[in-house]
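Me: I would like a close look at one part of this protein, the stretch around the end of a helix and the loop after it. Please connect it to whatever else bears on it.

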Amino acid sequence: GEQRLIENRKVTGNGDTAHHARDFLHCVKSRQACHCDIETGHRSTTATLIANIALQRGMVLEWDAQRERFRNNAAANRLLGCDYRTPYRLPKV
């Protein structure tokens with residue numbers, strides 16, 4: 001088959017998250033549901049985060065959606081998290 005290349009393009013847009021932050025703070029105070037629930041937010045950002053890690057590693061990565069880990073690259077799995085300030089930490093799973 002014919003190999004298709006993805007061309008890099010520079011795009012501009014508004015990356016401002018102020019509306020999301022304001023909605024979240026309002027919901028904490030009012031106990032109402034957020035416009036974007038946590039599951040929808042998580043699922044809608046997963047693909048782009050995976051793509052950024054694949055681009056950074058420069059390779060095709062196999063994603064295990066059930067475990068939310070890469071099947072074929074331990075170094076890529078280390079990029080899925082971040083270091084938190086003390087005393088905050090994620091629970092061990």
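Reply: The model is predicted. The part taken here is helix 1 (18-30) and the loop that leads from helix 1 to helix 2 (38-57).

Start with the helix. Helix 1 consists of 13 residues. From its first C-alpha to its last it reaches 18 Å, close to the 18 Å expected at 1.5 Å a residue. Just after helix 1 comes arginine 31, with a positive phi of about 65°. Arginine 31 is not a glycine, yet its phi is positive. The residue sits in the loop between helix 1 and helix 2. Arginine 31 counts as exposed because its relative accessibility is 70%, and the cut-off for exposed is over 50%.

Next, the cysteines. Are cysteine 27 and cysteine 34 joined by a disulfide or too far apart for a bond? A disulfide is a covalent bond between the sulfur atoms of two cysteines. The cut-off used is a sulfur pair within 2.5 Å, and by this rule the model has zero disulfides. Cysteine 27 is in no disulfide, and the nearest cysteine sulfur, that of cysteine 34, is 3.7 Å away. Seen from the other side, the closest cysteine sulfur to that of cysteine 34 is in cysteine 27, and 3.7 Å is too far for a bond. The two residues also fall into separate accessibility classes: cysteine 27 counts as buried because its relative accessibility is 6%, with buried meaning under 20%, while cysteine 34 is partly exposed, with a relative accessible area of 28%.

Cysteine 34 also takes part in a pocket. The second largest pocket holds about 190 Å³ of space. Its lining consists of His20, Ala21, Asp23, Phe24, Cys34, His35, Cys36, Asp37 and Ile38. Helix 1 supplies the largest share of that lining, with four residues. By type, the lining residues of the second largest pocket are five nonpolar, two polar and two charged.

For comparison, consider the largest pocket. The volume of the largest pocket is about 750 Å³. Its lining has 22 residues, and those nearest its centre are Arg69, Leu80, Gly81, Cys82 and Leu90. Helix 2 and helix 3 are the elements that give two or more residues to this lining. Helix 2 gives the most, six residues. The lining of the largest pocket divides into eleven nonpolar, five polar and six charged residues.

Two backbone features elsewhere can be set beside arginine 31. Glutamate 68, also a residue other than glycine, has a positive phi near 55°. Glutamate 68 lies in the loop between strand 1 (63-64) and strand 2 (69-70). With a relative accessible area of 27%, glutamate 68 is partly exposed. The other feature is a cis peptide bond from threonine 86 to proline 87, with omega near 10°. Proline 87 is in the segment after helix 3 (74-78).

Back at the part in question, the picture is this. Helix 1 is followed by the exposed arginine 31 with its positive phi. The sulfurs of cysteine 27 and cysteine 34 lie 3.7 Å apart without a bond. Cys34 is also one of the residues lining the second largest pocket, and helix 1 gives four residues to that same lining.

How values were computed: Residues are numbered from 1 along each chain as its sequence is written. This is a predicted model: local features need pLDDT of at least 70, side-chain atom pairs count only at pLDDT 80 or more; totals for chains, interfaces and linings use all residues. Side-chain values use heavy atoms; hydrogens and water are left out. Buried means under 20% relative accessible area, exposed over 50%, partly exposed in between (1.4 Å probe, protein chains only). The expected span of a helix is 1.5 Å times one less than its number of residues. On a 1 Å grid over the protein atoms alone, a cavity is a set of points where a 1.4 Å probe fits but cannot get out, and a pocket is an open set with protein on both sides within 12 Å along at least five of seven lines; lining residues have an atom within 4 Å of a point. Grid points are joined across faces, edges and corners, and a volume is the space filled by probe spheres set on the points. Ala, Val, Leu, Ile, Met, Phe, Trp, Tyr, Cys and Pro count as nonpolar, Asp, Glu, Lys and Arg as charged, and the others, Gly among them, as polar.
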